[in-house]
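Me: I've just opened this model and I'm a bit lost. Could you pick one spot, take a close look at it with me, and then work outwards from there?

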Amino acid sequence: MPLRTARALVGHERSYRADRQLGWALAFVAGAINAGGFLAVGTYTSHVTGAVSAAADDLVLGRTSLALTAIGAVVAFLIGAMSCAVLVNFAKRRQLTSAFALPLLLEALLILLFGLAGSRLAEAKALLLPATVLLLSFLMGLQNAVVTKLSDRVIRTTHMTGIVTDLGIELGKWLYWNRSRDRGPDVAADPERLRVLAGLLLAFFLGGLVGAMGFKLVGYSFTVPIALVLLLVGGVPLVDDLRARRVRAMSR
């Protein structure tokens with residue numbers, strides 16, 4: 001990946017193209033981690049709606065431990081999003097170019113931690129399984145908040161319900177027949193928005209295929225290349241900030 005591309009993806013100067021490319025990349029990552037995580041812990045950790053429903057069902061059925069795990073997953077997702085906001089605002093207040101890179105670097109480290117913890121999961125399942133669910137939920141909340149803040153709430157990557165809903169709306173506009181006798185303005189779909197939404201859905205699906213296949217073939221090691229890509233994307237702006245800080249310190 002060229003350094004210029006890495007800078008553009010998470011830089012201060014935003015463009016629709018950069019948001020789109022980063023959204024597709026992170027949707028792929030989310031799909032891979034979500035699918036691989038399901039094979040590891042038996043639950044989809046990006047699905048907050050499902051976690052809330054599961055908590056309600058488990059409480060009614062008297063499965064208190066499962067209900068607490070589901071509630072914990074929702075709280076972890078929430079804290080992940082909060083952590084992203086703290087990191088981004090911390091960096092912005094200091095006028096750092098790595099404001100949006102910091103959460104991605106943290107995500108990369110958490111993915112590596114998931115791979116490390118997962119390899120020990122069989123040895124201490126009772127202890128590590130709930131912790132792994134919380135880790136993955138935190139990770140998903142963190143990532144979803146990154147691209148949400150970057151794109152000004154236009155793009156989300158860890159869940160596809162809203163994406164499919166928006167895609168359906170745009171397709172409905174595309175199919176609508178504008179009759180000449182109608183008095184209102186013509187209905188028209190946004191081709192670029194259709195492309196972005198379809199790309200997000202496809203990227204998430206392909207990521208799921210890669211994550212499930214990677215977990216099946218090589219186990220938790222499938223997390224390493226995913227983490228390395230995020231480290232590269234987030235690492236370039238951070239290095240730029242460190243260099244700029246060193247230059248300012250030397251000029252004083």
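Reply: Let's start at Thr-45. Setting aside neighbours within four places in sequence, Thr-45 is in contact with Asn-34, Phe-77, Val-133, Leu-136, Ser-137 and Met-140. Before you read too much into that, keep in mind that this is a predicted model.

Where is Thr-45 in the chain? You'll find Thr-45 in the loop between α2 (16-41) and α3 (48-60). Is Thr-45 buried or exposed? Its relative accessibility is 6%, and buried means under 20%, so Thr-45 counts as buried. A loop residue can be tucked away too, as Thr-45 shows here: loop by position, buried by accessibility.

Now follow one of those contacts. Phe-77 touches Thr-45, and Phe-77 is also among the residues that touch Asn-144. Leaving out residues up to four places away in sequence, Asn-144 also touches Arg-156, Thr-157, Thr-158 and His-159. Asn-144 sits in helix α6, which covers residues 125-150. Like Thr-45, which is buried, Asn-144 counts as buried, because its relative accessibility is 7%.

Let's zoom out for a moment, so you can see what these two residues belong to. The protein chain has nine helices and zero strands, so if you read along the sequence the pattern is just α-α-α-α-α-α-α-α-α. Of its 252 residues, 42% count as buried. Take the contacts with a separation of 6 or more: residues 24 or more positions apart account for 75% of them. As for the outside, the chain exposes about 14100 Å², and carbon and sulfur atoms supply 65% of that.

Next, the inside. The largest nonpolar core has 51 residues, and the ones touching the most other members are Ile-33, Ile-111, Phe-114, Ile-226 and Leu-230. The elements giving two or more residues to this core are α2, α4 (64-93), α5, α6, α7 (161-175), α8 and α9. Helix α6, the one that holds Asn-144, gives this core its largest share, ten residues. Ile-111 is a nice one to click on: not counting residues up to four places away in sequence, Ile-111 touches Val-29, Ile-33, Leu-139, Thr-223, Ile-226, Ala-227 and Leu-230.

Phe-114 was on that core list too, and its ring is worth a look. The structure holds four aromatic pairs. In one of them, the ring centres of Phe-114 and Tyr-220 are 5.7 Å apart and the planes stand at 80°, so the pair is edge-to-face. Phe-114 belongs to helix α5 (residues 101-119), while Tyr-220 is in the loop between α8 (191-218) and α9 (223-251), so the pair ties together parts that are 106 residues apart in sequence. How buried are the two? Phe-114 has 1% relative accessibility and counts as buried; Tyr-220 is buried as well, with a relative accessible area of 15%. Tyr-220 has another ring partner: Phe-215 has its ring centre 5.1 Å from that of Tyr-220 and the planes are at 85°, so this pair is edge-to-face as well. Phe-215 is buried too. Put Phe-222 with them and you have one aromatic cluster of Phe-114, Phe-215, Tyr-220 and Phe-222.

Last stop, the charged side chains. Side chains of opposite charge can pair when their charged atoms come close. How many salt bridges does the structure hold? Four. One joins Arg-63 to Asp-58, with the closest N and O atoms 2.8 Å apart. The two partners sit differently: Arg-63 is partly exposed at 40% relative accessible area, whereas Asp-58 is buried at 8%.

Another bridge links Lys-173 and Glu-170, at 3.6 Å from N to O. Both lie in helix α7, three residues apart, which is about one turn of the helix. Lys-173 is partly exposed, at 32% relative accessibility, but Glu-170 counts as buried, at 5%. Glu-170 also forms a salt bridge with Arg-193, where the closest N and O atoms are 3.7 Å apart. Because Glu-170 is in helix α7 and Arg-193 in helix α8, this pair ties together parts that are 23 residues apart in sequence. Arg-193 counts as partly exposed, with 22% relative accessibility. Through shared partners, salt bridges join Asp-166, Glu-170, Lys-173 and Arg-193 into one network.

Terms used: Residues numbered from 1 in each chain as written. Predicted model: local features only at pLDDT ≥ 70, side-chain atom pairs only at ≥ 80, totals over all residues. Heavy atoms only, no water. Helix = DSSP H or I, 4+ residues; strand = E, 2+ residues; numbered from the N terminus. Buried < 20%, exposed > 50% of the residue type's maximum accessible area, 1.4 Å probe, protein only. Contact = heavy atoms within 4.5 Å. Phe/Tyr/Trp six-rings, centres within 6.5 Å; stacked < 30°, edge-to-face > 60°. Areas by Shrake-Rupley, 256 points an atom, 1.4 Å probe, with all protein chains shown as cover. Core = buried A, V, L, I, M, F, W, Y, C linked by side-chain atoms within 4.5 Å. Salt bridge = Lys/Arg side-chain N within 4 Å of Asp/Glu carboxyl O.
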